[in-house]
Amino acid sequence: MKAIFMLNLKVAIKDMYLLFWSIIMPFTAIVAIKIFTPGYAENYVNGIIATSVFFYSFMTTAFVSLSQRKRGVYNLLHATPLPLWKYIISVSCAWSFIAIILSYIVLFFYKVIHPLHLSFNTILFMTPIILIASLSFVFLSFFVSSLVKNEGHLSMSANALMIPMLLCSNAFFSMDKSPKMVQYISLINPFEWFLHGIKGALLMNLTSWCQSLFILIGCFVLALCLSLKSFKYST
């Protein structure tokens, strides 16, 4: 498991999807907020960090998973004694480790551009939220990539899932005046609970933090079961 973890860590660091979706895009958004809406900067920090982690953990890893399946990499697992669940856990931990590093790169860049109070406790409370959420999104990416046959189908499927999750959340716009139906959907939206968790860590609101962590753990278990049940070794 350690060898697979380190191998996937090295490969993931060189991924161009990671560079664009999780670093360049958030940095551009942070600078744009400084230029156009500096008075609302505090409202966007949660959304930018959560979106960066979400895009990497779900979109990027879904494409990597599909690519490895099409190249027959997963068929090699049949020739090893490594159980499937150990392989998925090892790969997912490597990708989640990178997601945590990315989130702190974005967070500290945000602090350089905008005034933002950070403490050791903030980092301490934010880390498990990002870890559990990114693992859930990685497991979900395994599930979605198992349902499609090519990159075109994957792009449509991923967007069909990601866009509603982003829109039914408080990432960039408040849902206080949104239709009741949208507010009800947000209650089962793991991305919204991810936002809640980050906000709870930044504000040191333990009630909100514990509630978010508990629900995200439930999403983690569900996504892990889906990824194991639906896993395909080849297309």
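# Why these labels? Questions about a predicted model

User: Leaving aside its neighbours within four places in sequence, what is F191 in contact with?

Analyst: F191 is in contact with A50, T51, F54, F137, M165, L166, S169 and A171, once its neighbours within four places in sequence are left aside. Contact here means heavy atoms within 4.5 Å. Keep in mind that this is a predicted model, where local features need pLDDT of at least 70 and side-chain atom pairs count only at pLDDT 80 or more, while totals for chains, interfaces and linings use all residues. Residues are numbered from 1 along each chain as its sequence is written, and side-chain values use heavy atoms, with hydrogens and water left out.

User: What is the protein chain built from, in helices and strands?

Analyst: There are nine helices and zero strands. Both come from DSSP runs numbered from the N terminus: H or I over at least four residues for a helix, E over at least two for a strand.

User: Which residues touch the most other members of the largest nonpolar core?

Analyst: F191 and F194 do, out of 67 residues in that core. Seven helices, namely α2 (16-36), α3 (41-70), α4 (84-113), α5 (120-147), α6 (151-167), α8 (190-203) and α9 (206-230), each supply at least two of its residues. α3 gives the most, with 15. A nonpolar core is a set of buried Ala, Val, Leu, Ile, Met, Phe, Trp, Tyr and Cys residues joined through side-chain atoms within 4.5 Å. As a rule, nonpolar side chains tend to be buried together in soluble globular proteins.

User: Why is N46 called buried?

Analyst: Check its number: N46 has 12% relative accessibility. Buried means under 20% relative accessible area, exposed means over 50%, and partly exposed is in between (1.4 Å probe, protein chains only). The value of 12% is under the limit, so N46 counts as buried. N46 sits in helix α3 and, leaving aside neighbours within four places in sequence, is in contact with L195, I198, K199 and L202.

User: Then what makes M204 count as partly exposed?

Analyst: Its relative accessible area is 35%, which falls in the in-between range, so partly exposed is the right label. You'll find M204 in the loop between α8 and α9. M204 has another feature too: a positive phi of about 55°, although it is not a glycine.

User: And T122: how do you know whether it's buried or exposed?

Analyst: T122 has a relative accessible area of 1%, so buried it is. T122 lies in helix α5 and touches A201, L202 and M204, not counting residues up to four places away in sequence.

User: How many aromatic pairs does a search of the whole structure find?

Analyst: Eight. One of them is F137 with F194, an edge-to-face pair at 6.0 Å centre to centre with 65° between the planes.

User: What makes that pair one that ties parts together?

Analyst: F137 is in helix α5 and F194 in helix α8, so the pair links parts that are 57 residues apart in sequence. F137 is buried at 2% relative accessibility, and F194 is buried at 0%.

User: Why is F139 with F220 called tilted?

Analyst: Their rings are 5.5 Å apart centre to centre, with 55° between the planes. Rings of Phe, Tyr and Trp (its six-membered ring) pair if their centres lie within 6.5 Å; planes under 30 degrees apart count as stacked, over 60 as edge-to-face, and the rest as tilted. With 55°, the pair is in the rest group, so it is tilted.

User: Which residues do ring pairs link into a cluster?

Analyst: F54, F58, F137, F191 and F194.

User: How do you know that α5 and α6 are oblique to each other?

Analyst: Their axes come within 10 Å and cross at roughly 140°. Angles under 35 degrees count as roughly parallel, over 145 as roughly antiparallel, 65 to 115 as roughly perpendicular, and the rest as oblique. Roughly 140° belongs to the rest, so the two helices are oblique. The contact is made by F137, L140, V144 and S145 of α5 and L154, S157, L161 and M165 of α6.

User: Last one: what makes S22 buried?

Analyst: Its relative accessible area is 0%, so S22 is buried. S22 is in helix α2, and its C-alpha atom is separated by 8.6 Å from that of A99, 77 residues apart along the chain.

Conventions:
Axes are lines fitted to C-alpha atoms, for helices over the stretch in contact, and angles run from 0 to 180 degrees between N-to-C directions.
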